[in-house]
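Please look over the structure shown below, following the chain from its beginning. The paragraphs after it lead through one part at a time.

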Amino acid sequence: MTQDVGTQLKARLREDLLVAMKARRSVEAQVIRTLVAALDNAEAPPLPADQTVYVQHAFGSGGAEVPRLQLHEADVRRILMAEIAEREQAAAGMTDLGQHEHAAALREEAEVARRYLG
């Protein structure tokens, strides 16, 4: 069985996270952690229509385990574009408020995320 695009990207992100952490590139590490979390969240299966909350199970019992959703290339691209757009919109808002350093930091974060589009 081949890995889905989301799993492949998360493996790459985790490798890049280790490199960024060792090089003490904290902004890059922060963005990569956020991207992994966004992909993890997108893989979470939705609740069944007749269920409003997950059932509490004993830790480690395996009783609450359900298969994760597989992400396709379009899903991954949509998630990455949303992360980039969020930062670019926030940067535009910071620029409007005269917070140019904060805007530059947000644009730098967007550039880190943009690397994973191709």
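**From Asp4 into helix α1**

The side chain of Asp4 reaches the backbone nitrogen of Leu71, at a distance of 3.1 Å. This is a predicted model, and the distances and classes given here are computed from it. Asp4 itself lies in the segment that comes before α1, and, leaving aside residues up to four places away in sequence, Asp4 touches Glu43, Gln70 and Leu71. At the start of α1, a side-chain oxygen of Asp4 also comes to within 3.2 Å of the backbone nitrogen of Gly6. Although Asp4 is buried, Asp4 has no salt bridge, and the nearest side chain of opposite charge, that of Lys10, is 7.2 Å away.

The helix that follows, α1, runs over residues 5-22, and its length can be checked against expectation: at 1.5 Å a residue, these 18 residues should span 26 Å, and the end C-alpha atoms are indeed 26 Å apart, which agrees. Which residues of α1 are buried? They are Gly6, Leu9, Lys10, Leu13, Leu17 and Ala20. Because these residues cover an arc of only 100 degrees around the axis, they are placed on the same side of α1. The buried residues of α1 pack against α2, which covers 26-43, and against α3, which covers 73-96. On the face of α1 that is turned away from this buried side, the exposed residues Glu15 and Lys22 are found. Just after α1, Arg24 takes a positive phi of about 60 degrees.

**Charged pairs between and within helices**

Side chains of opposite charge can pair when their charged atoms come close. In this model the count comes to 10 salt bridges, and some of them involve Lys10, a residue already met on the buried side of α1. Lys10 forms a salt bridge with Asp40, in which the closest N and O atoms are 2.6 Å apart. Since Lys10 lies in helix α1 and Asp40 in helix α2, this pair ties together parts that are 30 residues apart in sequence. The two partners are not equally accessible: Lys10 has 8% relative accessibility and so counts as buried, whereas Asp40, at 24% relative accessibility, counts as partly exposed.

Lys10 also forms a salt bridge with Glu43, where the closest N and O atoms are again 2.6 Å apart. Here too the pair joins two helices, because Lys10 lies in helix α1 and Glu43 in helix α2, so that parts 33 residues apart in sequence are tied together. In this case both Lys10 and Glu43 are buried. Glu43 has appeared before, as one of the residues that Asp4 touches. These pairs belong to a wider arrangement, for Lys10, Arg14, Asp40 and Glu43 are linked in a network of salt bridges.

Another salt bridge can be followed in helix α3, where the side chains of Glu83 and Arg87 meet at 2.9 Å, N to O. How many residues apart are Glu83 and Arg87 in helix α3? They are four residues apart, which means that about one helical turn separates them. Glu83 counts as buried because its relative accessibility is 12%, and Arg87, at 7% relative accessibility, counts as buried as well.

Definitions and conventions: Residues are numbered from 1 along each chain as its sequence is written. This is a predicted model: local features need pLDDT of at least 70, side-chain atom pairs count only at pLDDT 80 or more; totals for chains, interfaces and linings use all residues. Side-chain values use heavy atoms; hydrogens and water are left out. The expected span of a helix is 1.5 Å times one less than its number of residues. Buried means under 20% relative accessible area, exposed over 50%, partly exposed in between (1.4 Å probe, protein chains only). The arc is that of the directions from the helix axis to the C-beta atoms. Contact means heavy atoms within 4.5 Å. A polar contact is a pair of N or O atoms within 3.5 Å; within protein, one must be able to donate a hydrogen and the other to accept it, and residues adjacent in sequence count only if both atoms are side-chain atoms. Lys and Arg count as positive and Asp and Glu as negative; His and the chain ends are not counted. A salt bridge is a side-chain nitrogen of Lys or Arg within 4 Å of a carboxyl oxygen of Asp or Glu.
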